[in-house]
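Here's a quick briefing to read alongside the structure. Grab a coffee and keep the viewer open while you go through it.

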Amino acid sequence: MFSKLRVRSIVNDIPLNYKFMLIFLIGILLPIFASYYLFMDRMSELIKEREEQNLKISLERARKDIHSMIDGGIAVSHALITDKLLTESMDRDYDGQLDFYSTFDDMLRHRVTSYIPTNNQIQRIGIYTDNPTIVPGGDYYFLDSTMHSSGWYQQWKAAGESLRVVAYRDQAVNNRAATSSYLSIIEKMDYYYAHSSYQKLVRIDFYLNRFYDVIAREKNSLELYLVNDQNQIIVSADDKFHGEVDSQYSLFDASKMADKDIHIVPIGSASYVKGWKLIGLPQGTHVKEAMLSMQLYFGMLAGIITLITSIFIYVMLRSYNHRVKRLSRHMKKVGNEKFELINIDGGQDEIGHLICNFNMMTVQIKSLINNVYKLEIQQRSQEAERIRAELYMLQSQMNPHFLFNTLNALLVVSAKNNYVEVKDIIKDLSKLLRRLLNWKDDVVTLEEEMSFTIMYLGIEKFRFRDKFEYHIDITDEAKLYKIPKMSIQQLAENACKHGIQAIEGLGIVTIRAGIVNEHLRVVVSDNGKGMDQERLQSVLDHMRRKEESEGYNIGMRNVYRRLELYYDDKVRFDLVSRLGEGTEVSFEIPLHLLERQGEEGGVEHGI
């Protein structure tokens, strides 16, 4: 208890401007910056997770494309080694050049190149054999000692396998003095004759730029390296044909990249690409850009919020501080017997009321000091209050009487001048007003509610003339059940106000009520302008909101809230509307929750 009093005393001793500053720092700035920090931390994790997934997708996409190109070459190689006619032609001993050229023209000229158009990653296809009777040329080559010492043949032979994917340097096709990089598939043609007298090989050369395009495509996300089984970089994004100038391929040194997040995936599981892999190094630019963009955006947002709240706190503090100081100065003057009023606009808040009360108190104190007859002044004040109360009572009684007397006078004039419609509408208006003033019951029969609603609709009919019609369809059984008063009239008024007034042609309001599946069902519909789905959802949201919502179909909301108050969540309230077709409002109440007017005037509960 003592600690509570101590804390309260400390708080009360803090000056008002410091209290506002503490409220600003602790209540506004601290939550803003704490939320900003926590949000940025969480968003950073989400961005990193998203970028990590994107990196994996990018790496896998590149791997699949490279593997697909290699598999396409493998399929062509398999088709060639299983070509029995081609194998026999390479194994055959020819009698001379004319014999070979004859076979070449008949069967071999386009037999190899026919696969290239459907596999655009393939640059060249060559068939190599040590058969001395063939004439080298076109796509067919003699496998001599020079070929045996070439880089591609040595790599294939060292692998000790029939099929292998190799990367090597060799003489450029168009320039024998220069070297060029190659990526090829080498496969032995021994499908039919494993022990034939001549060695035969299929060599398929790929376009390296096709592999480069795949790697360069992912450059924004990953720095990719295509590495062979000897850890040599065959293709990378930083050089179109990596190592083109050097005599040897560069090695991928993972030790120099220990601080980076290295992603490695094998190209495939087949033996011919064993050891080949795709290595990706995240660029990090996407993450940095996303983080920087998010930090700038939310930093600006936090700055704007801080600026706005600072200005708001300053305005509020100035408002309070200025008036409190003026009040303090005048209170000191009262202590010095100077009864001056505070001549400022005090406002309607607590400080304003305090200034107003201070002025009243100053006037009263001055009056009491200057008037010796305090008792007489008090009696006069009491008498004035009594008279004021009586006048208010008389006025409250006079106003409705005056209104009804005026309506009666208008009724007499209308009857005298044979204004039949005016006379009828004045009668309905008089009945309606009298019912409003004398209607004490909260729950009335549906028949009474409809009588009141029909009077209201009659007045609307008088207003709109031929532009307005209404139809009533109420079953006799439904008329006996009691519902909260004004439940139907306000829905009808809402239909007239928001539906009928906004259309050009004839407006029709229809009210139906009956017993459906042990429920009292009431429907109020119109053929007015209706609402689109966005507006309809907005009306439903504001109608079901707990706090007051001015300007959003107050009548409908009042009916909904009162039905909810009387029957909890057992009442069903529906709102259906289509733009240009009209609106239908309905509610259903279980009969066992309703009172029913008995046949002899008593009240019995519905079943």
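Strands here, like helices, are DSSP runs numbered from the N terminus, and a strand takes at least two residues. With that in hand, asparagine 231 can be placed in the loop between strand S6 (222-227) and strand S7 (233-236). Keep in mind that this is a predicted model.

**The small sheet around S6 and S7**

- Four strands make an open sheet, and their order is S7-S6-S9-S8. The pairing is antiparallel.
- S7 and strand S8 (263-266) sit at the edges with a single partner strand each, so one side of each has no neighbour in the sheet.
- On average, neighbouring strands of this sheet are turned by 25° against each other, direction ignored.
- Looking at one pair, S6 and S7 run antiparallel to each other and share 3 bridges.
- Within that pair, valine 227 is found opposite isoleucine 233 in S7.
- As general background, strands of a sheet pair through backbone hydrogen bonds, and this can be parallel or antiparallel.

**Two loop residues with positive phi**

- For context, most residues other than glycine have a negative phi.
- Asparagine 231 goes the other way, with a phi near 65°. Its relative accessibility is 27%, so asparagine 231 counts as partly exposed, because that class runs between the 20% and 50% cut-offs.
- Glutamate 518 also isn't a glycine, and its phi is positive at about 60°. You'll find glutamate 518 in the loop between strand S13 (507-516) and strand S14 (519-526).
- Is glutamate 518 buried or exposed? It counts as exposed, because its relative accessibility is 52% and the cut-off for that class is over 50%.

**A nonpolar patch on the surface**

- Leu22, Leu25, Ile26 and Leu30 form a nonpolar surface patch. Together they have about 380 Å² of accessible area.
- One of these residues, isoleucine 26, belongs to helix H2 (residues 16-81).
- Isoleucine 26 counts as exposed because its relative accessibility is 55%.

**Annotated transmembrane regions**

- The unreviewed UniProt entry carries the annotation "transmembrane region" for residues 20-39 and 296-317.
- What does the model show over residues 296-317? The chain there is 100% helix and 0% strand, and the C-alpha atoms at the ends of the stretch are 31 Å apart.

How values were computed. Residues numbered from 1 in each chain as written. Predicted model: local features only at pLDDT ≥ 70, side-chain atom pairs only at ≥ 80, totals over all residues. Heavy atoms only, no water. Patch = residues over 30% accessible without salt bridge, like charges linked within 9 Å, V, L, I, M, F, W, Y side chains within 5 Å. Areas by Shrake-Rupley, 256 points an atom, 1.4 Å probe, with all protein chains shown as cover. Salt bridge = Lys/Arg side-chain N within 4 Å of Asp/Glu carboxyl O. Buried < 20%, exposed > 50% of the residue type's maximum accessible area, 1.4 Å probe, protein only. UniProt positions renumbered as here; feature names shortened; annotations may be inferred. Pairing = 2+ DSSP bridges. Axes fitted to C-alpha atoms, helices over the stretch in contact; angles between N-to-C directions.
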